[in-house]
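The following exercises are to be worked with the sequence and the coordinates at hand. Each task is followed by a stepwise solution.

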Amino acid sequence: MQAFYDSHWVLTFLIFFPLAGAAAAFLAGDRGARQVALWVGIVEFLVSLPLFWTFDRTGSCPQPTVRGGMSEQVSQAMQNCVAAPWIPEWGVHYRLGMDGISLFMVLLTTLLLPLMVLGSWTYIRERQKWFYAMLLALTTGVVGVFVALDMLLFYVFWEIMLIPMYFLIGIWGGRERIYAAVKFFLYTTVGSLLMLVAILYLFFKAQALFGTPTFSYFDFQQLAAGNLLSLREQGLLFLGFALAFAIKVPVFPFHTWLPHAHVQAPTAGSVILAGVLLKMGTYGFIRFALPLFPLAAASDTTIRLALVLGIVGIIYAAMVAAVQPNAKKLVAYTSVAHLGFVILGIFAFNLQGLQGALLVMIGHGLSTPMLFFLLGMLYERRHSYEIEDFGGMAASIPVFATVLVFAAMASIALPGTAGFVSEFLVLVGTFRSYPIAALIAATGVIFAAFYMLPMVQQTVFNALRSPANRDIPDLNGREIALLAPLVALILLIGVYPKPFLDRMDPAARRLADGMENARATYVAMSASMGNVASAPR
Amino acid sequence: MLAERALDLSRQSDYLWALLPEIVLSLWGMLVLMVDVFQKGNRSEPSRPIIPWLAVAGLVAAGIANAYLLGFQDTSGAGLVAVDRFRVFANFIFLLSGALAIFVSMAYLDRRGINRGEFHVLVLYAVVGMMLMAASRDLMLMFIALEVMSVSIYVLVGFDRMDPRSSEGALKYFLLGAFSSAFFLYGIALTFGAAGSTNLSVIGPTVAGALQDGNLMLLAGAALLMVGLGFKVAAVPFHVWTPDAYDGAPTPVTALMSTGVKAAAFAAFIRVFGVAFSGMYEYWSQIGFWLAALTMVVANLIALTQGSLKRMLAYSSIAHAGYLLVALLSAQTGGAAAFLFYLLVYTLMTAGAFGVLIANGSGVSERVTLEDYAGFGWRHPLLGAAFSVFLLSLAGFPLTGGFIGKLYILRAALESGLQPLAVILVMASLVSYFYYLRVIVVMYMQPARAEAAGAEPARVPAATRFAIGAAAAAVLVVFFMASWPLGWARESAASLTPRTETGLFGVNR
């Protein structure tokens, strides 16, 4: 058993088991698909869970790297590695690995999988075998994204998860589902193709310098580390990567696809979109855009842009959310605001900021899915997402109302919930680097109350006027079972985040140190060129 | 593996070996014709079900003969035909394209009441023409091969005599095809005048010298040859015949035209320009650059507006000619291998996509408009899935061979310093996502309409289903085991190395 968790097989299993499960769910037919999907989800989660304990903070594994045509083993701070040749003449490998950052993203995905199946249990009534097959296939792509360390493999996972998501929105979505699905697809593909061009450029660069074709993440890292990329090259390549990730996050002003996709998607689609898919964007920044092009990322232009867009995202999204009549759209905009915090934390370039960003990613991945689950449950009972249709739920369905209030508090980062710890860390980190930015961003926390509380008040506490709101059943056992783990985890992280911070600490520290160095190098470079203010990218 | 056998093409008798696949297929074509005549009672009767299978058997036999070619080594190097791995690879593509066309025609011909044995025989002879084209190392032979192929296709396009659109397409294709043949022939004449020979291996070494003397005749000849071949591969602005001919032709013929015919013309293109005229790359590449750029941009933009899937696929195949031209232009850096690889994937996905169009047709109409596909994915889960695979592969999406193929072309283009074309290729693919995706939207996300009586899709025979399924599986397999076909394509392209020292393929990777 230990051998399984020490080798890449656990990751390989987590990637491909859902795919096999998708086939099984499909074959089980419309009747049995959800049972099969549930079991697949539970097994997937249970298999992934021990990773939390077997994860070795100091773990590392040798990676074959190429220098001047010679292959040598270099130790990298990753674990569960593998590098099996896939297309050897291009240097493409099936190369996986995991560190403290990927660990939690993988665990988040596998946790949400069985919950999504439960959340769709009665929500999805049509073409069930297709639905659950798509959901499981999507998981394959998502897990793959978080552990792929070969750039082409990463790109493949990054792209293929679009297809199931596209079908989830387009087939089981709301009235304007086709528009939403196509918009989602085209938006993300535009960014991805530019990233592909950047990856190819790196490939040629590496091939020319190292003498061997390679797509390895570690080899690409050597390019910037060895000063083999000019500042201008770094800037353009960073732009290619950053655009793809910024669309995915989504950073303001690339967020316009998100409200449509969220509102039209079925509950499970919204859950995985908010819970995991958006994090693929911020994960991309942390894993690829920053370490591959540290100087470009640490340039004045980039930092200013990131801070401004992050803050604008926080404030603007909060204001737009406050006037949404549609509850689901409101929650969608809160995602934009929360991910603005992540961007701030990442570009603070210090340990607190980065840890905070990672923790926001986890916390948001728990609280927002919870809100979407709750809204889905409400929709099943009332067939509406319009806030004005609701009222007085505290009287008619008290359990639901309690959980909704809790989820809303978690979303506005009340102390004791994961949101508080994480946003606090982000603000501390940002304050250390950019006090003004932190001050402005802190108002976002107040704005969160400004949009979330009226929604809660209207839904839960207003007078119970409509009879349609009176005669509805409260949460059943299945629904409570799927919400309970989320509540527990939000509280756990809110009260005792140490086990989580500990595990992500080495990876975060490495990146933060690297970026701090890069920033220092950049400042020194600009100073030697005589103009810090208008330094070239 | 067979032991290498030396072939000396200065001896007439050795041509029997060098042309083995073509000879086998020609004889087999006559056999099929005879069997067809004696099998049926009178003229108006449809041909027997055995005929298509017999034709496929002929293609298989030619395939075996083709594999046999691998065992030969051409020692003279100056014959009319080339015996190299490039030809063998290209031949397999032609045979595959012919076989797919015959498989998907099984349901179609009966439905349209045009089940005649001649159809299959003409497909076989068209394939013979294609194989000769890829083989020819002499411009005269290339011209004859072009005509053998084209004349068979002219007839096939107009095979559905009672359908005015079929006749219209045939007439247009014939007139413009004859026109382009004239260009090609005139180009041969001028080239002969400049180089003193029609043999490509003789022309090759003289090119550089002739250019230094400022030989305009050679330039004019090359330009005319490019126009002639440009017509056949349907590059913009020589593409105007394509949509009408593709749309009017019986769909299996469209599948054959957009795969085999195009592949053959491209194979000739690479023999003439990639090898023989490689010494004047800087001249013809300028025209080629604009051909490729225009083809990619224009075809993709027009494809956006098509309401008929058959026309949409016609424009998509024009767009793919643009991608293949990019591969050709970067032939000195692995582009030839990228070209062969893409051709293989392209044949599978395009023929497969046309196969699905046939599967959705009914006796009354072809049912190729977008609306006819509403709910198709739910009615025919397997065909719908296969169609999705083909469309995604045409768009160049990961998990499909089309992705690897496009990546290969991009890599070759960037290595040759053709960055503008690489950027256009990426942008064009992005545009193409939209119209390929739209089909998937309609197939899965729009409710099916109520069908008019008698318009229900006809039953799809198992052989057609099998061919479509096999093509879809192959498109996926090419992605997951890319290494194997990639290596094969690279070895085959490497065999193109001309004997001249100035050859561009010397640095093939």
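Helices here are DSSP runs of H or I with at least four residues, numbered from the N terminus. The model is predicted.

**Exercise 1.** Identify the buried residues of helix α10 of chain A, and state which residue just after α10(A) takes a positive phi.

*Solution.* Step 1: the helix α10 of chain A spans residues 217–225. Step 2: a residue is buried if 20 or more other C-beta atoms lie within 10 Å of its own. Step 3: the residues of α10(A) that are buried are A:Tyr217, A:Phe218, A:Asp219, A:Phe220, A:Leu223 and A:Ala224. Step 4: just after α10(A) comes A:Asn227, with a positive phi of about 55°.

**Exercise 2.** Describe the pairing of strands β3 and β4 of chain A and the hairpin of these strands.

*Solution.* Step 1: β3(A), residues 79–87, pairs with β4(A) in the antiparallel sense over 6 bridges. Step 2: opposite A:His93 in β4(A) stands A:Pro85. Step 3: the hairpin has 4 residues between the strands, and A:Gly91 in this hairpin takes a positive phi near 70°. Step 4: β4(A), residues 92–98, is mostly covered, with 6 of its 7 residues buried.

**Exercise 3.** Characterise the side of chain A that touches chain B.

*Solution.* Step 1: the contact involves 20 residues of chain A and 19 residues of chain B. Step 2: at least two residues of this side come from each of α7 (151–160), α8 (162–172) and α9 (177–210) of chain A. Step 3: α9(A) gives the most, with 11 residues. Step 4: by class, the residues of this side of chain A are 15 nonpolar, 2 polar and 3 charged.

Definitions and conventions:
Residues numbered from 1 in each chain as written. Chains lettered and ligands numbered in written order. Predicted model: local features only at pLDDT ≥ 70, side-chain atom pairs only at ≥ 80, totals over all residues. Buried ≥ 20, exposed ≤ 12 C-beta atoms within 10 Å, placed from the backbone. Contact = placed C-beta atoms within 7 Å. Nonpolar A, V, L, I, M, F, W, Y, C, P; charged D, E, K, R; others polar. Pairing = 2+ DSSP bridges.
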